[in-house]
Structure formats: structure tokens, C-alpha cells
Amino acid sequence: MPTPHRTSSPVAWLSGALACALVAPAQAQSAPPTVEELARRLQAIEQRLGTAPAATATADNAAGLSDLDQRLRVIERKLELQSEEAATRAASTPTVSLSASKGLSVKSPPPGDIEVKFKGLVQGDGRFYFDDDQYPQNDTFLMRRIEPTIEGTWGSLIGFRVTAQLAGDSATTSDVYLDLKFDPRATVRIGKTKAPVGLERLQSSGSTAQVELGLPGELAPGRDIGVQLQGELAKSTVSYALGVYNGAVDGRDGSTTNPDNDFEVAARVFVEPWKNDGNALAGLGFGIAGSTGDKEGVGSNFLPRYRSSGQVQFFNYRAAVAADGENTRWSPQAYYYRNAFGLLGEYINSSQDIRLPATGARETIDNSAWQLSAGYVLTGEDAGYKGVTRPNHPFTVGSAGWGAWELVARYGELDIDDDAFPVFADPAVAARNAKAWGVGVNWYLNSNFKLVANYTQTNFEGGAPAGADREDEKAFFTRAQFSF
Amino acid sequence: MTRTPRSTLLRSLALGFALALAGGTAAAKDVELLNVSYDPTREFYAEVNQSFAAQWKQQTGETLKIRASHGGSGKQARSVIDGLEADVVTLALAADIDAIATNGKLLPANWQTRLPHNSAPYTSTIVFLVRKGNPKQIRDWSDLVKPGVAVITPNPKTSGGARWNYLAAWAWASQEYRDGGKVVDFLTRLFKNVPVLDTGARGATTTFVERGIGDVLLAWENEALLTLSEADTRDKFEVVIPSLSIKAEPPVAWVDKNIDRHGTRKQAEAYLRYLYTPEGQRLAAKHGYRPAEPDKVPAAELARFPQVKQVTIDGAFGGWKKAQAEHFADGGFFDKIYQPK
């Protein structure tokens with residue numbers, strides 16, 4: 001057996017190997033370690049790894065070089081096996097990840113084409129009205145949305161999303177659909193989803209510039225149940241959707257069944273020609289959408305009631321009026337986002353054949369609305385259709401980050417067809433026209449938390465007894481929003 | 001208004017279905033077999049696959065592609081039960097195929113009666129591979145429990161070969177001590193001398209031969225012969241035949257449910273029957289397996305297999321089902337003998 005202090009080749013090799021394995025502070029040593037020192041350090045590692053040799057080595061034979069060599073090899077091999085085992089386990093173990101931006105997700109082992117994500121959106125509002133003498137409103141705190149979402153993909157073909165709506169008196173659902181993803185150019189969506197008509201209505205609820213939608217949102221259909229073909233073409237510069245639905249009334253979600261036995265067809269084409277060019281027009285998108293279908297029946301499942309920006313109803317048809325035929329909408333729409341600036345505009349026209357059964361009077365009523373909404377992010381982040389997604393300097397207590405601040409302003413009008421009055425709508429309670437403006441500030445504290453404050457004022461034409469105008473609506477809305 | 005989109009949709013779906021069907025039919029022209037095997041058969045089946053595919057092409061004109069998957073026998077069986085679509089399994093022991101029959105319901109319980117010699121076209125035995133010159137003087141099982149002797153064997157929970165190793169040791173100890181407690185004590189001391197427990201036989205060979213760990217490898221005879229046949233290693237090791245070993249019978253079977261699903265029954269059965277032909281038996285001998293029908297192999301090919309006194313699984317342990325339940329099932333003797341560090 002070599003003497004412990006010999007600096008023979010095996011000793012040097014072993015010293016080096018152990019030094020690497022142990023991450024030893026070699027620089028701190030002025031002389032090479034003795035075999036006994038190496039044995040002690042190896043023993044310490046074996047104890048840490050739980051790989052102490054089975055054969056109880058005496059102090060004497062523990063110092064033998066061949067014994068140390070074997071023990072080191074055993075450790076190396078065990079680490080090798082552990083590494084192989086970890087790789088095998090990783091190859092068959094789902095990945096669970098949780099992040100602020102993507103929420104909670106579980107992904108299958110490679111190829112990882114099964115993924116389930118859990119997301120959430122919570123909006124708590126404070127709503128206050130001023131000078132509401134004629135039509136007093138309740139100042140209130142309310143939970144506007146509580147939406148847990150489970151979405152994901154099940155293989156390369158199937159996608160799905162289920163969003164519950166827990167705000168309100170009873171639980172219901174928002175989105176519930178299944179996607180059959182044949183190709184990025186052609187996905188079939190089956191279930192309950194947003195009908196592809198209104199530009200602002202198609203925005204995610206957490207991304208809209210102001211607390212509530214502008215007036216055109218009152219003429220666009222909400223969510224509806226049906227089958228939709230959608231996709232992206234020409235390097236994603238063109239997106240389209242075409243579907244058949246049960247049919248939703250203006251500004252509302254469709255009912256859970258199809259009470260009038262008539263369907264509605266809706267389609268939308270939206271183009272962003274310079275999306276991939278990175279020039280000043282890259283953020284310009286424009287398109288046209290429309291829907292058509294018959295509606296027949298009396299009541300709110302068939303005829304609309306329009307609300308102001310403050311969510312107060314200002315127009316409805318007389319109770320005896322029935323939808324009696326074609327309901328057609330069309331909507332040119334566009335947005336433009338350039339750095340911190342954003343502009344969104346849309347027009348929508350909704351015509352509906354109606355009838356007053358008592359008199360047999362019939363009419364086609366053309367209602368229309370438009371809006372322009374602009375925003376500017378004071379802190380320099382990019383504005384976008386999805387809002388400010390990531391503040392440059394998230395707000396943190398006691399440090400310099402203040403999140404992102406955005407100023408928004410909106411003007412819009414909603415005009416009721418003159419032919420609606422007085423036969424089909426009561427001019428003493430239903431306004432002929434609404435003009436609304438609003439300003440607001442959005443404070444994105446971070447990617448997940450947003451505070452919103454809006455002031456909106458709506459002026460009405462008509463809608464009060466004796467041909468007078470309904471009093472102006474002045475509403476101050478606030479919102480705290482958490483999403484992931 | 002509502003009829004047009006509905007009928008268009010139906011037409012699209014019909015067209016898509018027809019295209020998918022056409023694509024599926026086109027893809028079905030390639031005939032492929034998957035042989036899920038255990039660790040040390042890599043080289044053997046690589047040659048068998050090539051030889052059989054050539055013969056099959058000559059006989060039928062059909063191009064056959066045979067893929068092979070190797071690993072610890074127990075793990076491989078688990079993979080088949082869990083959905084790995086093996087057309088045939090060629091595993092280290094009958095218990096693993098029994099598990100596929102019992103737990104996976106993929107083949108009948110009497111699978112072992114469908115081919116000659118209990119569906120074992122070749123056998124092997126367990127020998128010791130030691131370093132050249134046998135520095136620790138290992139001659140028999142009793143030498144494996146001496147202090148300072150490092151024994152390399154894989155984990156019987158995952159490796160069929162390891163189970164044969166374990167049972168061979170048990171058989172020797174039973175004969176030597178004739179006392180259950182002493183047998184268990186012997187096995188306990190033996191596994192205390194195992195510094196690295198690999199999951200499969202090939203991994204254990206790597207540990208011993210390539211990583212230089214341990215003094216003796218408990219090995220399949222074919223694995224030991226393979227080591228001695230390679231230029232890099234033949235001068236560094238030697239084989240020690242213990243006084244008693246076990247006749248290891250690695251069985252083969254086609255997996256009925258999978259071959260019926262794949263439409264490969266004809267090919268799978270022919271593939272396994274090929275192992276019993278003179279060429280199949282010759283290849284087995286070439287790769288260190290003892291042919292089940294040695295009369296089909298030239299005598300010169302058999303000279304490399306020394307006489308070994310062997311017990312059988314049926315004779316010494318009452319068959320695989322009993323051995324599996326008593327020794328390797330959770331809570332069995334092996335769990336009592338070996339405590340992971």
C-alpha cells in the first residue's frame with residue numbers, strides 16, 4: 001500500500017477527483033491532503049448521500065487507496081443512476097407550473113400535448129351616481145365578475161375552455177366550448193362563446209379600457225351557443241370567424257335553448273395587413289362583422305333593452321311588441337395601437353322586424369351606435385387590444401416601481417329609429433338618442449392587479465314625460481381587478 | 001337560412017372523415033413488429049430480427065420492420081401493461097409475462113403452453129464474472145458474503161435477471177444450510193455487499209465492467225460470455241462457475257390483443273417460431289444462450305457451455321407464481337432482506 005503522503009500519480013488523480021467532487025477549497029490548502037483527510041471527507045459525503053459502504057471499514061483499511069477509489073466510483077455510479085432515474089422520471093412526470101402571468105398549469109410529459117390551465121378573473125366595483133333626482137340609482141359595491149376558468153389542450157386536436165360565473169345571485173357559465181383544431185387556419189368551436197360581431201364586446205372582460213362597454217356594445221350580441229369555424233390566414237394578418245348560433249338579442253347573452261326555433265348566422269373578418277412589418281402601421285387593424293337571423297316572440301329574449309354607460313336602461317319597446325322576422329347587424333370596426341397610444345372605433349347597426357299584434361302594425365327598426373375610444377399609457381408601456389399586459393416597473397411597497405398608468409377617454413352615441421315612436425316604444429320612458437362621454441384612469445399595479453376609475457356622462461334626447469329629455473346620467477365607477 | 005351552413009358543415013365533416021380514412025389506409029401498408037425484451041438480449045435480437053426479416057421477405061415478399069425495446073424485464077412488463085403496444089414479448093422470466101396476462105389481460109393465461117419447452121426457446125444460467133486473476137478468490141456463493149467483497153447485481157424488483165441471481169443464491173443457501181433463518185441471513189449479508197443496485201442486468205454489467213465497481217458480477221451466462229468475447233474486455237475478466245446455479249428460462253409470447261389490433265398475428269407467430277428453427281437456435285448459441293433444442297446446433301457451437309449443476313424454478317421453488325409471491329411481491333422475502341439506504 002502506498003504511503004499516505006506520497007504524491008504518486010494515483011494520489012494526485014484521486015486528490016483532484018475528490019477536490020472536484022467535494023468542491024473543496026483547494027486554493028486554501030498549502031499542501032496536498034493526506035489520504036486520511038480524503039477518506040474523512042469522502043465518508044462525510046457518503047453520510048450525506050446515504051451511501052456509506054456496507055462493509056464496515058476500519059480506520060486502517062479505509063485509508064487504502066483502492067478502497068477510496070471504489071467508494072468514489074460507487075458514488076459516481078449512484079449519481080449517474082440517480083441522474084438517469086431523474087431523466088426517466090421527468091420523461092413520464094407531468095409538469096406543474098405556477099406563474100404570475102400564466103397562472104397554474106399542468107402539462108403532460110413529452111410531447112406535452114395535454115395541458116390543463118387554471119385561470120381566474122375577479123372584478124369588484126364601486127358605483128356612484130350624481131344628480132340622479134329623476135331616476136334615483138343605488139350607489140353600490142358589487143362583485144361584477146368572479147370567473148374561474150379551466151382551459152387547455154387535450155392532444156393536438158382538442159382544446160377546451162370552461163369559465164364559471166360566480167358573481168350574482170346564482171352561479172352560471174360564461175365560456176364553455178370545445179375547439180377542434182384541424183389547422184391554425186380552421187378551428188371548429190362548439191359551445192358557448194362570444195358571437196363574432198362587436199369589436200369591444202370581443203375584448204376580454206379584463207382588458208376593456210373602461211369599466212363598462214361603450215354604447216355599441218348594446219347593439220352587439222353577447223355570448224351565444226352554436227358552432228363556429230374560425231382561423232387565421234396569411235401569416236395571421238387575417239382572422240375570420242363564421243358560425244351558426246341560437247341567436248342572442250342585442251347587448252345580451254343568448255338563452256340556454258333556442259325558444260323561437262330560429263338560428264342566427266354571424267361572421268367577421270378582421271385584417272391587420274402590416275402586423276408583421278414592425279412599421280408605424282403595424283398596430284392598425286380593421287374589419288367588418290355582421291349577423292343575420294330571424295327572431296320571433298315577445299319579451300326580453302327577442303327584443304332588446306338598451307342601457308347607458310352607467311348600466312341604466314333608457315330604451316325598451318312596449319311590452320306588447322313582438323319581434324317578427326329578420327334581425328340583421330353589420331359593424332365596420334377598427335383599432336390602431338402605436339407605442340403608448342391606442343385608438344378603437346366601431347359602428348354598429350341593428351335592424352329588427354317588429355310587430356304590434358293588437359293593431360297588426362309592422363315596422364323594420366334600424367338602431368345604430370358608434371364610439372371612439374382613445375388611451376395613452378403615461379408610463380411608456382405599449383397600449384394594446386389586450387390592455388397593458390406587463391408594467392415596466394411593477395408597484396412594490398417601499399421601492400421605486402409605480403406600475404403602469406393609462407388615461408382613457410371615450411365618446412359614443414346610440415340612436416333609436418324614429419319609426420319606433422310612439423307605436424312601438426313609449427317616448428315618455430324610452431329615449432330616442434344617447435350621447436355619452438367618459439374619461440378614466442387605469443392603474444396597472446402589476447400584470448395581475450388593476451385599479452380603474454371612470455367618470456361617464458350620458459345625455460339623452462327624449463325619454464321623459466311630456467316630450468322632455470331624460471335627465472343626464474353622471475356616473476363614477478371604480479373597479480379593483482385581479483386576474484391570472 | 002339555417003340549412004345552408006348545416007349542410008355545408010356536414011359535407012366538410014364527411015370530406016374530412018374520408019380524407020382521414022384514406023390517410024389511415026395508406027399508412028397501414030408498412031408491416032412493423034415491436035419486440036419488447038429484457039436487458040441483455042440487445043445483440044441477440046438485433047441479429048435475429050435481421051435474419052428473420054430477410055427470410056420473411058423471401059417467403060412472402062413482405063417487408064417487415066422489427067423494432068426492439070430493451071430494459072429491466074419487470075419494468076418492460078409494466079410498460080406493456082400500461083399501454084406499450086408490443087406485438088411480442090421476450091422477457092427474462094415467466095412471471096413478467098404472467099403479469100401481462102393477469103393484469104393487462106392482453107394474452108391468455110395459458111400462453112406458456114403455445115410454444116415448445118414452456119415457450120422458452122433458449123435457456124441460460126447464472127454465473128460469476130470476476131476480474132482477471134480473481135483477486136478476491138471468489139469460487140462459490142459463500143465467498144460473496146465475505147467482508148470487503150463487493151457484489152454487483154441489479155434490483156430484483158425491476159430486473160428479471162436479478163431475480164434469477166437471487167433465486168440461484170437462495171437455492172445454494174438452502175442446500176448449504178437447510179435452515180430458513182440461515183438462508184435469509186445469507187441473502188441479507190449478500191445484499192449488504194451490494195454497493196450499487198442497478199435497475200437492469202445491462203446496467204449492472206456497465207457498473208462492473210465499464211465503471212470498474214465491485215469484485216464480482218452475478219450475471220447471465222450469455223452476458224458473461226459476451227463480455228469475454230469483446231476485444232476490449234476479454235483479457236480483463238474471467239468466468240467462475242458456482243457449485244450450484246439455476247436454469248433460467250427466458251420465455252417468449254405473442255401479445256394477442258395487440259397483434260389482433262395491428263393485424264400482425266401471422267408475422268408475430270412466425271417470428272417467435274423462427275427462434276426454434278436451426279437458424280434461430282444457432283443464433284441463440286452464438287449469443288451465449290443455451291439452445292432449448294441443442295440437436296439443431298452443431299456440436300462445436302455448444303462447446304462453450306460448461307456443465308453446471310442447476311436447479312429449476314419448478315423443482316426448487318414450486319414455479320414462478322409461488323416464487324414471485326413469496327420472494328418478490330411487496331412484503332416478500334426480498335423486502336425483508338434488503339433495506340434501501
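Q: Why does Asp250(A) count as buried?
A: Look at the number in this predicted model: Asp250(A) has 3% relative accessibility. Buried means under 20%, so Asp250(A) qualifies.

Q: What makes Asp250(A) and Arg329(A) a salt bridge?
A: Their side chains meet at 2.8 Å, N to O. The cut-off is a side-chain nitrogen of Lys or Arg within 4 Å of a carboxyl oxygen of Asp or Glu, so this pair is in. The partner, Arg329(A), is also buried, at 1% relative accessibility.

Q: Which parts of chain A does the pair of Asp250(A) and Arg329(A) tie together?
A: Asp250(A) sits in the loop between strand E9 (238–245) and strand E10 (264–271), while Arg329(A) belongs to strand E14 (residues 322–338). Those parts are 79 residues apart in sequence, so the salt bridge ties together pieces of chain A that are separated along the chain.

Q: How do you know that Arg163(B) and Asp96(B) form a salt bridge?
A: Their closest N and O atoms are 3.4 Å apart, and the rule asks for within 4 Å, so the pair counts. Arg163(B) is in helix H6 (residues 160–177) of chain B and Asp96(B) in helix H4 (residues 94–103), 67 residues apart. With the buried cut-off at under 20%, Arg163(B) at 3% is buried, and Asp96(B) at 4% is buried too.

Q: What makes Lys321(B) exposed or buried?
A: Its relative accessible area is 59%. Exposed means over 50%, so Lys321(B) is exposed. Its salt-bridge partner is Asp98(B), with the closest N and O atoms 3.7 Å apart. Here the link runs from helix H15 (residues 320–328) to helix H4 of chain B, across 223 residues. Asp98(B), at 11%, falls under the 20% limit and is therefore buried.

Q: How many salt bridges does the rule give over all chains?
A: The count comes to 52. One network of them links Arg77(A), Glu80(A), Asp198(B), Glu210(B) and Arg211(B).

Q: Why is helix H8 (residues 201–210) of chain B called largely enclosed by the rest of the structure?
A: Nine of its ten residues are buried, so the description fits. Among those buried residues are Arg202(B), Thr206(B) and Phe208(B). After H8(B) comes Gly212(B), with a positive phi near 70 degrees.

Q: What makes the space next to Ala209(A) and Tyr337(A) a cavity?
A: A cavity is a set of points where a 1.4 Å probe fits but cannot get out. The structure holds seven of 30 Å³ or more, and the largest has a volume of about 180 Å³. It has 18 lining residues, and those closest to its centre include Ala209(A), Tyr337(A) and Glu406(A). Strands E15 (341–356), E16 (361–377) and E17 (404–415) of chain A each supply at least two residues of that lining.

Q: How do the lining residues of the largest cavity divide?
A: Into eight nonpolar, eight polar and two charged. For the second largest cavity, of about 120 Å³, the lining divides into five nonpolar, two polar and seven charged.

Q: Which residues lie nearest the centre of the second largest cavity?
A: Of its 14 lining residues, those are Tyr135(A), Gln137(A), Glu471(A), Asp472(A) and Glu473(A). Strand E3 (114–130) and strand E20 (473–483) of chain A are the elements that give two or more residues to this lining.

Notes: Residues numbered from 1 in each chain as written. Chains lettered and ligands numbered in written order. Predicted model: local features only at pLDDT ≥ 70, side-chain atom pairs only at ≥ 80, totals over all residues. Heavy atoms only, no water. Buried < 20%, exposed > 50% of the residue type's maximum accessible area, 1.4 Å probe, protein only. Helix = DSSP H or I, 4+ residues; strand = E, 2+ residues; numbered from the N terminus. 1 Å grid on protein atoms, 1.4 Å probe; cavity = no way out; pocket = protein on both sides within 12 Å on 5 of 7 lines; lining within 4 Å. Points joined across faces, edges and corners; volume = space filled by probe spheres on them. Nonpolar A, V, L, I, M, F, W, Y, C, P; charged D, E, K, R; others polar.
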